[in-house]
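Me: I would like a close look at one part of this model, with the side-chain contacts worked through one by one. Please keep it brisk, and give the reasoning where a label depends on a cut-off.

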Amino acid sequence: AADYCLYSSSTFLVLTLGAGTYGFTLDDNLGEFVLSHPDMKIPETSSIMSFNEANTPKWDEPLQEVVGKWKSGTGANGKRFSSRYIGSMVGDV
């Protein structure tokens, strides 16, 4: 299982339990997260990735390998991905 929250104009919670990824949006009126993005997937047309690469050395070897292949264009689809740098704390919290 893994999850993260993103604080922006809305508050999002993204969760996986190992079989699918689900996005929830905080409903201020209810005070609860409501499922807003079922079955989230990386778009086939995507070419940009964004995460805190400073933590790469702390990742397990399989994840480091996958990200390395995305950067070099030697991953499953052969597409090269570039990093998106946002330069703000909010996107990384």
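The reply below starts with the helix, then turns to the loop and the sheet.

Reply: A caution comes before the detail. This is a predicted model.

Start with helix α1. The helix covers residues 61-72. Three of its residues carry the contacts discussed here: Lys-69, Lys-71 and Trp-70. Glu-65 joins them as a partner within the helix.

Take Lys-71. Its side chain meets that of Glu-53 in a salt bridge, with 2.5 Å from N to O. Where do the two residues lie? Lys-71 sits in helix α1, while Glu-53 sits in the loop between β5 (48-49) and α1. The partners are 18 residues apart in sequence, so the pair ties together separate parts of the chain. Lys-71 itself is partly exposed, at 36% relative accessible area. That label follows because 36% falls between the cut-offs of 20% and 50%.

Now Lys-69. Its partner is Glu-65, and the N to O distance in this salt bridge is 3.3 Å. Here both ends belong to helix α1. They are four residues apart, about one turn of the helix. Lys-69 is partly exposed at 35%. Glu-65 is partly exposed as well, at 43%. The Lys-71 pair thus reaches from the helix to a loop, whereas the Lys-69 pair stays inside α1.

Trp-70 makes a contact of another kind. How many aromatic pairs does the ring rule give? The count is one. Trp-70 and Phe-81 form it, with ring centres 5.7 Å apart and planes at 40°. The pair counts as tilted because 40° is neither under 30 degrees nor over 60. Trp-70 belongs to helix α1, and Phe-81 to the loop between α1 and β6 (82-83). They are eleven residues apart, and the pair links distant parts of the chain. Is each ring buried or exposed? Trp-70 is partly exposed, with 27% relative accessibility. Phe-81 is buried, since its 10% is under the 20% limit.

Next, the remaining salt bridge. The whole structure has three. Besides the two in the helix region, Asp-39 and Lys-41 meet through their side chains, at 3.2 Å from N to O. Lys-41 is exposed, because its 65% relative accessible area is over the 50% cut-off. Asp-39 is partly exposed, at 44%. Asp-39 lies in the loop between β4 (32-37) and β5. Its backbone deserves a check too. Asp-39 has a positive phi of about 55°, although it is not a glycine.

That loop leads back to the sheet through β4. Which strands form the sheet, and in what order? Four strands make an open sheet, ordered β1-β2-β3-β4, with antiparallel pairing. β1 (2-7) and β4 are at the edges. Each has a single partner strand, so one side of each lacks a neighbour in the sheet. From one strand to the next, the twist averages 30°.

The partner of β4 is β3 (residues 21-27), and the two pair in the antiparallel sense over five bridges. Within this pairing, Phe-24 stands opposite Leu-35 in β4.

To recap the helix: Lys-71 reaches Glu-53 in a loop, Lys-69 bridges to Glu-65 one turn away, or about that, and Trp-70 pairs with the ring of Phe-81.

Notes. Residues numbered from 1 in each chain as written. Predicted model: local features only at pLDDT ≥ 70, side-chain atom pairs only at ≥ 80, totals over all residues. Heavy atoms only, no water. Salt bridge = Lys/Arg side-chain N within 4 Å of Asp/Glu carboxyl O. Buried < 20%, exposed > 50% of the residue type's maximum accessible area, 1.4 Å probe, protein only. Phe/Tyr/Trp six-rings, centres within 6.5 Å; stacked < 30°, edge-to-face > 60°. Pairing = 2+ DSSP bridges. Axes fitted to C-alpha atoms, helices over the stretch in contact; angles between N-to-C directions.
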